[in-house]
Amino acid sequence: MPTTPTDRPFRPSRYTTGAILLHWSIALLVILQIASGYAMGALVAPGSPTQYTLFQLHKSLGATVLLLTVARITWRFFNPPPAEPESVTRVERLVAGLVHKVFYLLLIVIPLTGWIVITVSPVQIDTILYFQNWLPWPHLPGLAGLSADARTGLEDIAGETHEILAYAMGALVLLHIAGAVKHQLDDGQYIRRMSLLARGAGPRKAYGHATTVLATALIGAGIIGSAGFARYEPDADKAAVSPGTAETAPARDADVAETFATAAMDASEAEATELAAADAAPAAAETAAASDDAEPAAAGAVTDRTTAVEPAPAGVAADAAEEAEATQLAAVAGATSPDAPAASVPEWAVRPQESALAFTFGYQSAEIAARFGSFDARIAFDPDNLDASTVSVTVDLDSVAITSGTIAIGQVKGGDGLGVSANPQATFTSETIRRTGEGAYVAEGVLRLKTIERPATLDFTLEIDGDTAVAHGKTTLERLGWDVGRQSDPKGGTISPAVEVTFDVTADRR
């Protein structure tokens, strides 16, 4: 029995070559999608490099399916499917048509729900198609402004929908295969309709080649291009704080002190600030009575070797949490203590072009390297008078740039990263410098980032040749201590808990 009607006008029984290629490509990708989704969720260890690899592959396959579905629908618009063979009943044709429509719907909705999940997930992992850095895939626009609760709710809904529809797709594939086998047994030629080796039952001509390719390419290029722009857009011009400027020492110190004080006055610390001010007054009076020379320090005046700081709030120490904060601040307050040594030490001006401040951390089984383009270092140092030596560094966080590895700069600067928009500067201040070996030292101080102050130590080596000093140093910071990546990855499965900070500084004696 013939597979197509012979009465004119007849239509060929074989699909066009474009339809056949798209059909089998999408079919293969769907099978791989189902397999990779199951493997990354049930067969590999959570947070392992293998899971990350499968996760990236799964996202890559999903993006490809979405684009190929756009091509398939466009192609079908220009090239309707061939007539069904006579062996297919009217009811079976209706069922087959419904199945095809559901297929197309799932091929669009499943990737979209997965796209929503990776966009609102607290673990913000960039999508790099097939591990090629030049093929980034963006997050969906319009969802970044959602609250944490809204993002969590949307992630749960999209995740459940994605998983349920994936099972539905698997069941539909089996139903489709069963139907094809059934009609093949009835007709003997049915499966040949989707074979490149079959010639079909009549002349045919395909249309819409250019439109299909162009539409799909434009959509894909637009999506990937927007991701590339978001990831690699150049930093906007900004008034950066450059080291080694010609400002006077008091002016520099006043600027740093003003930045420190402004950042400290956030809502979460308002009460502690009021208590600190109340406790500072009697402390200042007592200090003034003890020594006339101590009056400028007790009043919070800026000396010409350190930044202005507030005395440690003694009244806050009664409460356990506030006592911890007071302990952190105590390291900074050494300059205002009446016991601080009064001897002067030489100051050093940093050479901006010969100095660097960088950091590295693990991300998605790879290493990310970044550096800050602008930082101001206020250094008073004498290896023979370490008790009077101080270091104060202010970093322009918005000057951060990725130098190696793949991560969105917006993720680094965002609220769960460095929090640049709310707190554009970080400061490290040390009043305690100890010698640990020949030419080796450690600076103990406080690092302030995102309004959080925590103790930090900095190991460094120093060589002084006449009026030129060259220092190299590093420290390892636990990012969660400053709430970096706490929402994205609190367990450290994707972002390493430790961040290594390094610096190389060349400075001249003033």
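At what angle do the axes of helix α2 and helix α3 cross, and within what distance do they come? In this predicted model, the axis of helix α2, residues 49-78, and that of helix α3, residues 90-120, cross at roughly 145 degrees and come within 9 Å. Two packed helices are described by these two quantities, the angle between the axes and the distance between them. The crossing of α2 and α3 is left-handed. On the α2 side, the contact is made by F55, K59, G62, V65, L66, T69, R72, I73 and R76. On the α3 side, these residues meet Y104, L107, I108, P111, L112, W115 and I118. Sorted by class, the contact of α2 with α3 contains 11 nonpolar residues, two polar residues and three charged residues.

The helix pair is part of a protein that has 10 helices and 13 strands. The protein consists of 510 residues, and buried residues make up 43% of them. Of the contacts between residues at least 6 apart in sequence, 72% join residues that are at least 24 apart.

The structure contains 12 salt bridges. One of them joins the side chains of R193 and E84, with an N to O distance of 3.7 Å. R193 is located in the loop between α4 (148-187) and α5 (209-232), whereas E84 is located in the loop between α2 and α3, so this pair ties together parts of the protein that are 109 residues apart in sequence. Both R193 and E84 are buried.

A salt bridge is also found between R510 and E347, where the closest N and O atoms are 3.7 Å apart. This pair links distant parts of the chain, since R510 belongs to the segment after β13 (498-509) and E347 to strand β3 (residues 347-350), with the two positions 163 residues apart in sequence. The two partners can be classed by their relative accessibility. R510 has a value of 48% and therefore counts as partly exposed. E347 has a value of 11% and therefore counts as buried.

E453 and R448 form a further salt bridge, and their closest N and O atoms are 2.5 Å apart. E453 and R448 are both buried. In addition, a network of salt bridges links E92, K182 and D186.

Strand β12 spans residues 468-478, and its side chains alternate between two faces. A469, A471, G473, T475 and L477 point to one face and are buried. T468, V470, H472, K474, T476 and E478 point to the other face and are not buried.

Strand β12 pairs with β11 and is also joined to β13. Strand β11, residues 452-465, pairs with β12 in the antiparallel sense over seven bridges. Within this pairing, E463 has V470 of β12 as its bridge partner. The two strands β11 and β12 form a hairpin, with two residues between them. In the turn, G466 has a positive phi of about 70 degrees. Strands β12 and β13 also run antiparallel, and 11 bridges join them. In this pairing, H472 stands opposite D504 in β13.

Conventions: Residues numbered from 1 in each chain as written. Predicted model: local features only at pLDDT ≥ 70, side-chain atom pairs only at ≥ 80, totals over all residues. Heavy atoms only, no water. Axes fitted to C-alpha atoms, helices over the stretch in contact; angles between N-to-C directions. Helix = DSSP H or I, 4+ residues; strand = E, 2+ residues; numbered from the N terminus. Left-handed = near helix turned anticlockwise from the far one by under 90°. Contact = heavy atoms within 4.5 Å. Nonpolar A, V, L, I, M, F, W, Y, C, P; charged D, E, K, R; others polar. Salt bridge = Lys/Arg side-chain N within 4 Å of Asp/Glu carboxyl O. Buried < 20%, exposed > 50% of the residue type's maximum accessible area, 1.4 Å probe, protein only. Pairing = 2+ DSSP bridges.
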